[in-house]
Amino acid sequence: MTASQPTEENWDPSSLLAYNSLPNYQDFESTVSDVKLTTDTRTDFYDRSLTSRKYALVGVACSSIFSCSCIVAGIVTLVNHGVSGVTMVNMITLSSADYVQLSVDREIVTLILDLIVMLCTESIGFVHGISLRSALASESRLRFNTNLRLLTAASGWYNPNGALLNGVSAVLLIISYSSASLVVCFNNQFPTTPQEGQGGSTVGVAIAGVPLLFLGVALLLQVMIALSAMRTVKILTWSSSPFDLTAALVHHTQLTPVTFRCMRCVSDLDTNEGPAKPRDTQPSAWRAHPSIRKVVISLFGIVVACAGWAALVMYIWHKNPGTGSMSPSALTIQTWSFLPSQPNVEPNYIWYSLPGVSIQPWILVCVNMAVVQGPLTLGLHCSELIANVIRDEKQWRCATGRKGLRTATNPLMPIFTNPLCLIIFIAKPFLHWMFGLSFIAFDNGYNGKAEGLSVAMYTAQIWNLCIALFIFACFFTLVTLRRPRGPQPAAYGHVQTLANLVDEWSPVMWWGHKEDGIPHCHAGTSDHPLPDVKMDCVYAGSSVGSLVPVSGAASVGLTMY
């Protein structure tokens, strides 16, 4: 390298084009042409992850079957019993004396239903998220491997990945969880003949037809939107790995590596500096990813709103304690419980009823449930961003480990091996279920007919939900504030940063010191272990030739950030 090349102290972005004026430019072009032919003919340059595509489509197919089953079951119930009809689940019918145990059984069934809804929406969301990622890449607007799926849109209002249908998908996601909270109800069976009267009245768990129909329709519409989004865009890779995505974008010339930034992390993108010395620690996800700050703030906003909700319920009860729609017992340590129905415990609550039973009260109850539950659903959806961004960075930091970075992985491995993904996987149905314990819509049936709708808000259960959300928000806040140690530049799944840092692509990669130079050294990736970088040296990258085999491009320039 010559003395005219940029240094950490003297850097000009115009120097990025300096390679266009090399003395042997014609020879360089012929070399690039040869490399381009070699690169374009390779079929294993990146993993298209057709296995992920197969798993995703199987999940969408199962979601379609489940949604159609809900629609059919809901229609059958409405035809046989009318709008107020419920279908009895006979195998768990109990005596009316075991009402508390039956309440526990009802909550277990609701928790299982929330888990099924979560699995369906996650399968649908994976297809929709991959399609959105590809659409943003085709518009040169993709920055990170992981995005806020329902809050990030491609151009075009009527695009399946556009703002309009993304908003519709968000509403359908909320309806899915809120309807699931209303599906399971009680049915009291009273004798209608003297012969039946000998056995006495019984009470059991039943399935309400209208909420079940709403749930099926909401899931089916999400499936239709996701499949439409998949068909309208060219998907380069189905892999959730940021390395397969970056390699695909570079290979198809939708992304170009920028020179002199082999030691620059994602937080340095807004600077015009190039060569740099290694750092002992890297920036946190909070600093590196702007959307993460919004997600963390929104999680604490939900905690504050939940605390305000509990305080409001307590205020309303204290205004009229034990009268009309108020419970007779105040909220004390003795009346505090996890489940609203426990032996020898009289919970504190307020409730209101909706007159009559027809489609209008059902719609009103569903709207009430969706409005209150909506922030929780969207907050948990957005928290996926934190888990996935940390997962991407953890995978990248394997490049300095003994075993190296493996770009191709089983599509299910990131879910079951990443603690954060497991926490999200468990927290989603559990926190929605806890919300269902706090905000209960009583659609009790009598002899197969729902006899009135009422809504109860349980104070202790609202505080339980608030505490759980506070722990959840604090944990993810600490995760986002953690700063990775070591000189390896942090990327957090930022595709341009990864394109700058990775100069040799292989199934297994190591990152480290590659080349000494005056005045700059070079750090990058290789298919074999590399020595550690030198902390007292300035790194700028090697010649442009090391980048061409990756991109197959004849020149290097700035691209999207």
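Which residues does V127 touch, not counting residues up to four places away in sequence? Keep that in mind while you load the model, which is a predicted one.

**Stop 1: V127**

Select V127, in helix α3, residues 99-138. Now show its neighbours: A56, V60, A226, M230 and W238, leaving aside residues up to four places away in sequence. V127 has a relative accessible area of 0%, so it counts as buried. Next, add L227. V127 and L227 stand 100 residues apart in sequence, yet their C-alpha atoms are 7.5 Å apart in space.

**Stop 2: S67**

Move to helix α2, residues 50-81, and pick S67. Is S67 buried or exposed? Its relative accessibility is 0%, so S67 is buried. Draw a distance from the side chain of S67 to the backbone oxygen of S64: a polar side-chain atom of S67 lies 2.8 Å from that oxygen. Then display G216, L219 and L220, which S67 touches when residues up to four places away in sequence are not counted.

**Stop 3: helix α9 and W309**

Select residues 290-319, helix α9. How far apart are the end C-alpha atoms of α9? They are 44 Å apart. The helix has 30 residues, and at 1.5 Å a residue the expected span is also 44 Å, so the two agree.

Colour the buried positions of α9. They are I292, V295, V296, L299, I302, V303, C306, W309, A310, V313 and W317.

Stay on W309 and show its contacts. W309 touches V372, F435, S438, F439, M457 and I462, with residues up to four places away in sequence left out.

**Stop 4: the nonpolar cores**

W309 also leads into the largest nonpolar core, which has 65 residues. W309, L431 and Y492 are the residues with the most contacts inside this core. Which helix gives the most to it? Select residues 359-396: helix α10 contributes 12 residues, the most to this core.

Another core lies apart from that one. It has 20 residues; select C262, W505, C537 and Y539, which are among them.

**Stop 5: V455**

Go to strand β10, residues 453-458, and centre on V455. Its relative accessibility is 1%, so V455 counts as buried. Around V455, show I350, W351, Y352, F439, I440 and A441; V455 touches these, not counting residues up to four places away in sequence. F439 is a contact you have met already, at W309.

Now add N368. V455 and N368 are 87 residues apart in sequence, but 9.2 Å apart in space from C-alpha to C-alpha.

**Stop 6: the open sheet**

Switch to a cartoon view and find β6, β11 and β12. In what order do the 3 strands of this open sheet run? The order is β6-β11-β12, with antiparallel pairing. Strands of a sheet pair through backbone hydrogen bonds. Check the edges: β6 (405-406) and β12 each pair on one side only.

Zoom in on β11 and β12. These two pair in the antiparallel sense over 5 bridges. For one bridge, select W511 and its partner T525, which is in β12.

**Stop 7: the salt bridges**

How many salt bridges does the structure hold? There are 9. Visit some of them.

- Select E107 and R106. Their closest N and O atoms are 3.3 Å apart, in a salt bridge. E107 counts as buried at 8% relative accessibility, and R106 is buried at 7%.
- Select D392 and R391. Their side chains meet in a salt bridge at 3.1 Å, N to O. D392 and R391 are both buried.
- Select D516 and K534. This salt bridge has an N to O distance of 2.9 Å. D516 lies in the loop between β11 (508-515) and β12 (522-526), and K534 in the loop between β12 and α15 (548-551), so the pair ties together parts that are 18 residues apart in sequence. K534 is partly exposed, at 33% relative accessibility.

Finish with E122, E384 and K428. Salt bridges that share partners join E122, E384 and K428 into one network.

Technical notes. Residues numbered from 1 in each chain as written. Predicted model: local features only at pLDDT ≥ 70, side-chain atom pairs only at ≥ 80, totals over all residues. Heavy atoms only, no water. Salt bridge = Lys/Arg side-chain N within 4 Å of Asp/Glu carboxyl O. Buried < 20%, exposed > 50% of the residue type's maximum accessible area, 1.4 Å probe, protein only. Helix = DSSP H or I, 4+ residues; strand = E, 2+ residues; numbered from the N terminus. Core = buried A, V, L, I, M, F, W, Y, C linked by side-chain atoms within 4.5 Å. Contact = heavy atoms within 4.5 Å. Expected span 1.5 Å × (residues − 1). Pairing = 2+ DSSP bridges. Polar contact = N/O pair within 3.5 Å; in protein donor to acceptor, adjacent residues only side chain to side chain.
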